[in-house]
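Colleague: Got a minute for this one? I'd like to go through the aromatics, then the pocket.
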Amino acid sequence: MTSSDNAGATGDGQGPARVPAEPLELVLITGMSGSGKSVVLRALEDAGYYCVDNLPPELLLSFVDLEQEVAARRVAIAMDVRSAISLPQVPAQLQALKSRGVQVRPLFLDSSTDTLVRRFSETRRRHPLSGERAAEAGAAAPADRQHALVDAIELERELLAALRDQAHVIDTSVLRSAQLQGYVKTLLSAPTSRLTLVFESFAFKRGIPVDADYAFDVRMLPNPHYEPALRELTGRDAPVADFLRVDPEVGRMFSHIERFVDEWLPALARDHRSYVTVAVGCTGGQHRSVYLVERLAAAFAGRWTTLKRHRELDGH
């Protein structure tokens, strides 16, 4: 009998009183090829997770059983489209793990097709779904090779759609590696027991974040960019906040977004959503959207687990 078996014995002939073990936290990383899964896996390894890359889905349940036997606490697993035949098993497996008390945190990394094409072209890597078609296109014109790559990317989107629907999506299209690593660590620091609300500012000129559950356009509001004294500042700076706070249109926009989010968050929580991302966009992602995200995050912080993120400012 081990020391842990002796701990907490009742002395009434019933044997030891078992203390419930801390539940295993499993981060499952899936997503598009070239979207940064290896970057996230390295970040989690640095944060103390036991990490496994490209685990076949058939081994997921038995692997988790093994980790629970050795009292592991934090595990991160990456899966990709190379396991396409067995990937449809994964959603049911995740539900089975949740029913066994495992804290499952699925992350899906996504990027725009243009971004993925550029990344594959720059690294000269072959897409895992390119197959013989890509090999045949190797000697063809660049336009034909790019068409074959786009076809492979769109096929991958179809194959991974079910996993994307059940995960928190992170758009890595315009993120540098350090930004992505920092964002994932912050995201996973939030408690798993309740819904996490993420407010994100962005610039329309760099595209709408593909990870947004809701996106609000605030480009019609007064723009501090046209005030010389405010142009180089951001929505986190007091002079910009003062400029925007006194404008009635800005106040109305804040109230409308706040009421909408407040109205629907309870229903989203009842639907067992772990994360909800609310994106607010302006032209440059520097003033108006940043100011509103700061105000919204402050307004909801006392009611929900709340994170904020400024896509165009973070990491600069």
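Modeller: Sure. Start with F204, which is buried at a relative accessible area of 19%. Bear in mind that this is a predicted model.

Colleague: 19%? Why does F204 count as buried?

Modeller: Because the cut-off for buried is under 20%, and F204 has a relative accessible area of 19%. F202 is buried as well, at 0%.

Colleague: How are the rings of F202 and F204 placed, by distance and angle?

Modeller: Their centres are 4.9 Å apart and the planes sit at 55°, so the pair is tilted.

Colleague: And the rings of Y214 and F260, what kind of pair are they?

Modeller: Edge-to-face, since the planes are at 75°. The ring centres are 5.2 Å apart.

Colleague: Which elements do Y214 and F260 lie in?

Modeller: Y214 is in strand β7, residues 214-217, and F260 is in helix α10, residues 248-270. So the pair ties together parts that are 46 residues apart in sequence.

Colleague: What about accessibility for Y214 and F260?

Modeller: Y214 is partly exposed, at 26%. F260 is partly exposed too, at 30%. Y214 and F260 also belong to one aromatic cluster with F216.

Colleague: How many aromatic pairs does the structure hold?

Modeller: Five.

Colleague: On to the pocket. What volume does the largest pocket have?

Modeller: About 760 Å³. It is lined by 30 residues, and the closest to its centre are Q166, H272, R273, S274 and Y275.

Colleague: Which element gives the largest share of that lining?

Modeller: β4, with four residues. Elements that each supply at least two include α4 (90-99), α7 (142-165), β5 (168-171) and β8 (275-282).

Colleague: How does the lining split by class?

Modeller: Eleven nonpolar, ten polar and nine charged residues.

Colleague: Now H168. Where does it lie, and is it buried or exposed?

Modeller: H168 is in strand β5. It is buried, at 5% relative accessibility.

Colleague: What does H168 touch, beyond residues up to four places away in sequence?

Modeller: P106, L107, F108, Y183, L187, Y275 and T277. As for L109, its C-alpha is 8.5 Å from that of H168, with the two positions 59 residues apart in sequence.

Colleague: Last topic, cysteines. How many disulfides are there?

Modeller: Zero, with sulfur atoms within 2.5 Å as the rule.

Colleague: Are C51 and C282 buried or exposed?

Modeller: C51 is buried, at 19%. C282 is buried at 2%.

Methods. Residues are numbered from 1 along each chain as its sequence is written. This is a predicted model: local features need pLDDT of at least 70, side-chain atom pairs count only at pLDDT 80 or more; totals for chains, interfaces and linings use all residues. Side-chain values use heavy atoms; hydrogens and water are left out. Buried means under 20% relative accessible area, exposed over 50%, partly exposed in between (1.4 Å probe, protein chains only). On a 1 Å grid over the protein atoms alone, a cavity is a set of points where a 1.4 Å probe fits but cannot get out, and a pocket is an open set with protein on both sides within 12 Å along at least five of seven lines; lining residues have an atom within 4 Å of a point. Grid points are joined across faces, edges and corners, and a volume is the space filled by probe spheres set on the points. Ala, Val, Leu, Ile, Met, Phe, Trp, Tyr, Cys and Pro count as nonpolar, Asp, Glu, Lys and Arg as charged, and the others, Gly among them, as polar. Contact means heavy atoms within 4.5 Å. Rings of Phe, Tyr and Trp (its six-membered ring) pair if their centres lie within 6.5 Å; planes under 30 degrees apart count as stacked, over 60 as edge-to-face and the rest as tilted.
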